[in-house]
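Thanks for asking for a second pair of eyes on this one. Here are some notes to read alongside the model, arranged as numbered points.

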Amino acid sequence: MTADPSDGPGGPGGPGGSQLSTKRERVGWYFYDWANSAFSTTVVTVFLGPYLTSIAEKAAGCVDNACDDAVIHPLGIAIAPGALFPYTVSLSVFLTVFVLPVVGAIADRSPRKKQLLALFAYVGAAATAGMLFLTGDRYLLGAALFLIANIAFGASVVVYNSFLPQISSAEDRDRVSSFGWAFGYLGGGLLLLLNVAAVLMKDSLGMTTGDVARYSIVSAGLWWAGFTTIPLIRLRNRPLLDPPPAGVNRLTDGFKQLWHTLKSLKAYPLTLFFLVAYLVYNDGIQTVIALASQYGTKELLLSDDVLVPTILMVQFLAFAGALLLGWLAKRYGAWKTLLGSLVLWTVIIVIAYFLPAKEPLLFVALGGGIGLVLGGSQALSRSLFSQLIPKGREGEYFGIYEISDKGTSWLGPLLFGLAYDTTRSYRVAIISLLVFFVVGFVALLAVPMRKAIEQAGNTPPARL
């Protein structure tokens, strides 16, 4: 099999990678986005939030959605049932703050990245499929399984992202990253399409809305596990650029390397500044993704027959949007295109706040706007960050980056949960997210991107 044309002295076969990347390997890499996006789409974005909330409301004794004074007591703490899911998301990501950077450091010190990818992917998929038993008032079971699945998901994506500099050159990275995101949204959207069909046919299938939600969640775990086999077959382990001494325990060495990574960030202050900007604005993006269905059902009073097809539409528009923003990045530069997408996100949040209840057409139009900027803003963030990493340290740096990647925001859900818990208003909760996009835009605008890439020892692309 011949090497990809983009390979060369400055590409993945050059200093940043020890073996040439092939088209076959890249396609395998794309398929992990296809596999794991089922979890982001079907579980986090659509079904688990409303389903887990309904189980918590049942445990609290709510009648006909009347939960103004109802509380549940997970681990002895009194909270509103509607705050359980955002709090659980926030807790899972708080835990990943400690886990993911260590996973990245271990990945950089292991010649068996594929095996690490398999471990985390299959653990996450198993926990997701285990939600088959999430029935009755078992909200603690649902919260626990989601904690395991979301942490494993984040860990697997750390390892997955660390392959990006090895399979693409600096000039080609925006395109490869954008295509990976687009491929992921296509895969996640396809499974969601099947689940939408089940929602629309639930009466003829003799199933309740809760049954459809539960089986849809389980289907995401099976999809995730099944399609993970493709990247595991096609991706290749590569020799380490800087292997640890013989006899060194990679787990303990990973913890030590994490400390060295955090200290070394002082030598790359512009990389750190970009990372802070990304953690802020992407926390807002991930919170919108995770809690859109809860906002739609509980505040806008939309049925699953409206909500689920709209989110399905978002997935396919995100596929097109990722390719569109990738094209704009090639023409105008990734940094400028990303800044423009954050302006659009700010407009979307303001519109969501004023959106009237029981107006499905307006909700569909808003979903269209989200779809067009969703995939591209995340894909360009990943490709830009990959150029700010010193060669040979991709895993450990992406471990820090992944703290706020797909499904792993925590400040946003925490703020959303606190706002709702305090005011019992989902509109107040959604408008509170505006701060993430405004602050993130200002911080990203302040990063001198060309200088930042050169500071990390890399060559900037022609357009930024």
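1. Let us begin with a glycine. Gly188 is buried, with a relative accessible area of 0%. Please bear in mind throughout that this is a predicted model, so every value in these notes is computed from predicted coordinates.

2. Gly188 sits in helix H6, which covers residues 173-200. What does Gly188 touch once its neighbours within four places in sequence are left aside? The contacts are Trp34, Ser37, Ala38 and Thr41. You can also look across to Leu312: this residue is 124 residues away from Gly188 along the chain, yet the two C-alpha atoms are separated by 8.8 Å.

3. Now step back to the whole chain. The protein chain has 18 helices and zero strands. Of its 464 residues, 60% are buried. Among contacts with a separation of 6 or more, 83% are between residues 24 or more positions apart. The accessible surface comes to about 17500 Å², and carbon and sulfur atoms account for 68% of that area.

4. Next, helix H8, which runs over residues 209-234 and includes Thr228. Is Thr228 buried or exposed? Thr228 is buried, since its relative accessible area is 0% and the cut-off for buried is under 20%. The side chain of Thr228 reaches the backbone oxygen of Trp224 at 2.6 Å. Leaving aside neighbours within four places in sequence, Thr228 is in contact with Tyr32, Ala35, Ala121 and Tyr122.

5. Helix H8 also holds Ile233, and here the picture changes. Whereas Thr228 is buried, Ile233 counts as exposed at 59% relative accessibility. Setting aside neighbours within four places in sequence, Ile233 is in contact with Arg24 and Lys114. Ile233 and Glu25 are 208 residues apart in sequence, while their C-alpha atoms are 9.0 Å apart in space.

6. Lys202 deserves a look too. This lysine is found in helix H7, residues 202-205. Lys202 is buried, with a relative accessible area of 16%; that value earns the label because buried means under 20%. Not counting residues up to four places away in sequence, Lys202 touches Met207, Thr208, Thr209, Val212 and Asp305.

7. What about empty space inside the model? A search of the whole structure finds two cavities of 30 Å³ or more. The largest cavity has a volume of about 260 Å³. Its lining is made of 20 residues, and Val288, Ala292, Phe363, Gly367 and Ile370 lie nearest its centre.

8. Which helices each supply at least two residues of the lining of the largest cavity? They are H10 (269-298), H11 (304-332), H12 (334-354) and H13 (360-386). As for the character of that lining, 15 residues are nonpolar, five are polar and none is charged.

9. Two leucines in loops are worth checking by eye. Leu75 lies in the loop between helix H1 (23-60) and helix H2 (84-108). Leu75 has a positive phi of about 55° although it is not a glycine, and at 79% relative accessibility Leu75 counts as exposed. Leu301, in the loop between H10 and H11, also has a positive phi, near 55°, and is likewise a residue other than glycine. At 47% relative accessibility, Leu301 counts as partly exposed, because exposed begins over 50%.

10. The last stop is another glycine in a loop. Gly136 lies between helix H3 (113-129) and helix H4 (139-161). With a relative accessible area of 37%, Gly136 is partly exposed. Leaving aside neighbours within four places in sequence, Gly136 is in contact with Ile55 and Lys58. Gly136 and Ser54 are 82 residues apart in sequence, with 9.7 Å between their C-alpha atoms.

Notes: Residues numbered from 1 in each chain as written. Predicted model: local features only at pLDDT ≥ 70, side-chain atom pairs only at ≥ 80, totals over all residues. Heavy atoms only, no water. 1 Å grid on protein atoms, 1.4 Å probe; cavity = no way out; pocket = protein on both sides within 12 Å on 5 of 7 lines; lining within 4 Å. Points joined across faces, edges and corners; volume = space filled by probe spheres on them. Helix = DSSP H or I, 4+ residues; strand = E, 2+ residues; numbered from the N terminus. Nonpolar A, V, L, I, M, F, W, Y, C, P; charged D, E, K, R; others polar. Buried < 20%, exposed > 50% of the residue type's maximum accessible area, 1.4 Å probe, protein only. Polar contact = N/O pair within 3.5 Å; in protein donor to acceptor, adjacent residues only side chain to side chain. Contact = heavy atoms within 4.5 Å. Areas by Shrake-Rupley, 256 points an atom, 1.4 Å probe, with all protein chains shown as cover.
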